[in-house]
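Visitor: Please show me this structure and let me ask how its descriptions are justified.

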Amino acid sequence: MVLLATCAASAQTPSEKRLQWWREARFGMFIHWGLYALPAGEWKGKPIPGIGEWIMNRAKIPVAEYEQLAKQFNPVRFNAEEWVAVAKSAGAKYIVITSKHHDGFAMYGSKVSKYNIVDATPFHRDPMKELAAACQKAGIRLCFYYSQTQDWHEPDGNGNTWDWPDESKKDFTRYLEEKVKPQVRELLTNYGPIGLIWFDTPRIITKAQSQELADLVHQLQPDCLVSGRIGHGIGDYDSAGDNQISVGTVKRDWETPVTMNDTWGFKKDDNNWKSTTVLIRQLCQIASRGGNYLLNVGPTAEGLIPQPSVERMAQIGQWLKVNGEAINGASPSPFPYELTGGLITTRPGKVYLHIFDWSRFAACCGPSQDIALGRLYGLQSKVRRAYLLANNSTLKISQKYYKATDLDQLQIQLPAAAPDANDSIVALDIQGEVRVDTSLRQQPNGVVTLPAHLGEIHNSQGGGLRIDSRGVVENWLRADEWMSWDFKVNDRGTYQVVLVTSEQKYGRGWEGGHRVSLDVAGQHLEGTVSNDGKEENPGDAYWPYVVSKIGSLKISKAGGYHLELKPQEIQALKKFGLTLVSVRLVPPAGMVTM
Ligand code: H79
């Protein structure tokens, strides 16, 4: 036994060993705090658009002027234990705080640069020391954000083009050797065990330099993780884009940082708070797709976490107290598709159905007004018991296998109203292992969704069609590349064929006018990808969806089908091309399913 255990342990890579706690955690609190909290989004009486911590860059504030902020920075109301209590109340397992953002100001006592909170401000305290102690006490892992490439305070750092426009004079290696490495050494030497270093925006750093930095971290603290944004694929895990939630399961370790309003660093005029419901559902989406959720708060220059953030964190924590077993330490969904109106997580012996939209999930009415019927397709294991996590009440179920359509169906009797407005979870106790039909199949509401990231890609020589980090097609610029899917349908009928594509982020545009053909079930359809309406992207407000109607299609027999999507012409002037998210087959409203 002992021998076996040793073998198993040694089979783990160093990275996997470091990732153990992090994979279990699923949820962390991000803190963006720095001098930028003082102007709080306004410079010389003018509101500066964009994210608050970018104000120096957006307003092109000269170093000599921005530096003056340090003299006024005196966050007397900062209380490390209160901040850690906010994370704890939320059920967050780790805190990542900005030790140095792009503005170059160290928020800890640094011997490397006088431009730090202890030496340059009237505050003279080291908040990171205090946070380290408070985290230790509360059992929360402290982690540091560190901007390794951009540093607008240093002539050799990257990004300050207003004080130092001549890029040819910049010696990035000197900056890396003289500031970054010594500061990372301080952070990993003076604050006890650190969970991870969250590097950001790799930009011009070379692969060798990223590697040196990762090696330095691991040499100083072998258990400390390195975020994916160290660059060049060298991190211990992947970091998705800011506020970017992948559309499907990602088969690597990944994390998404998310803002609670529209900024990271405090901005006094930003009151565009996401609702607690949205935040809880984002956490569930990310967990169900195999990732970690890093939710940001931006404290004020006085040292207070804004009240709306404190409230939301506590509300997430209340929800997690009841439902945490479906998130912390849970695994991604074993199904290729998600529920209608919800999604799925799992752990050995359990499947959790997260129901966001009760009436969409329980689309079919029950035998009486008091009961709704929910259905799950494709679960092959026997369910011993189904119950609501909200109140532990047992739900009546029936399981059937329909041979003609090769369909496993679980039917669940639910109360007429959702017990939890954010996400009601139906837990299923499974006998033996969780086994599912992993084919793409029609859902109980009749819709068939063929996600781009689950399609087969047929590249041509020199072509570049691929799936980006969100799970969406990029670089589909040529008409000789195509995609196909296999799927199963239960219901006969006429379906509308819709293509869902993605705009570029930050409103950078969308390209339409592509002529495409679809071959399926012996029918050939042709249509144009035009903008027939926008659809909110539920996982990522930065990248809205565009819906295009291509035509209709008749399916006269239940069974397995193959669909080929072939362009005849792609518009690629803007180099966006056909940014496919999914092909959707939509049955007529009210179609009765079996
Ligand atoms: O720390 C937060 C951001 O400051 C940092 N990453 C998160 C976690 C980040 N650094 N760079 N970026 C994000 C990309 C920023 C892009 C933009 Fe902009 C900022 C787009 C709009 C505002 C820069 C300024 C580009 C256009 C204006």
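Visitor: What makes the space taken by the ligand a pocket, and which pocket is it?

Guide: This is a predicted model, where local features need pLDDT of at least 70, side-chain atom pairs count only at pLDDT 80 or more, and totals for chains, interfaces and linings use all residues. Residues are numbered from 1 along each chain as its sequence is written, and side-chain values use heavy atoms, with hydrogens and water left out. The ligand takes the space of the second largest pocket. A pocket is an open set of points on a 1 Å grid over the protein atoms alone, with protein on both sides within 12 Å along at least five of seven lines. A molecule sits in a pocket if more than half of its atoms lie within 2 Å of its grid points.

Visitor: What is the volume of the second largest pocket?

Guide: About 750 Å³. Volume here is the space filled by probe spheres set on the grid points, which are joined across faces, edges and corners.

Visitor: Which residues line the second largest pocket closest to its centre?

Guide: Arg-229, Gly-241, Asp-242, Lys-505 and Tyr-506, out of 34 lining residues. A lining residue has an atom within 4 Å of a point. By class, the lining has 13 nonpolar, 11 polar and 10 charged residues. Ala, Val, Leu, Ile, Met, Phe, Trp, Tyr, Cys and Pro count as nonpolar, Asp, Glu, Lys and Arg as charged, and the others as polar.

Visitor: How many residues surround the ligand, and which are the closest?

Guide: There are 14, and the closest are His-32, Glu-53, His-101, His-102 and Asp-200. To count, a residue needs a heavy atom within 4 Å of the molecule. This shell has five nonpolar, four polar and five charged residues.

Visitor: What makes the approach of Glu-53 to the ligand a polar contact?

Guide: A polar contact is a pair of N or O atoms within 3.5 Å. A side-chain N or O atom of Glu-53 lies 2.5 Å from an oxygen atom of the ligand. The pair therefore meets the cut-off. Trp-54 has a side-chain N or O atom 3.1 Å from a ligand oxygen. For Asp-242, a polar side-chain atom is 3.0 Å from a ligand nitrogen.

Visitor: How do you know that β27 and β28 pair?

Guide: Two strands pair if DSSP finds at least two bridges between them. Strands are DSSP runs of E, at least two residues, numbered from the N terminus. Seven bridges join β27 (residues 514–520) to β28 (residues 523–529), and the strands run antiparallel. They therefore pair. Val-516 stands opposite Gly-527 in β28. Two residues lie between the strands of this hairpin, where Ala-521 takes a positive phi near 50°.

Visitor: Why are β11 and β16 at the edges?

Guide: Their open sheet of five strands has the order β11-β12-β19-β15-β16, with antiparallel pairing. β11 (342–347) and β16 (394–395) each have a single partner strand, so one side of each is left without a neighbour in the sheet. Two bridges join β15 (residues 383–388) to β16. In β16, Thr-394 is the bridge partner of Tyr-387.

Visitor: How many bridges join β26 to β30?

Guide: 10 bridges join β26 (residues 493–502) to β30, running antiparallel. Tyr-495 has Leu-553 in β30 as its bridge partner.

Key. Polar contact = N/O pair within 3.5 Å; in protein donor to acceptor, adjacent residues only side chain to side chain. 1 Å grid on protein atoms, 1.4 Å probe; cavity = no way out; pocket = protein on both sides within 12 Å on 5 of 7 lines; lining within 4 Å. Helix = DSSP H or I, 4+ residues; strand = E, 2+ residues; numbered from the N terminus.
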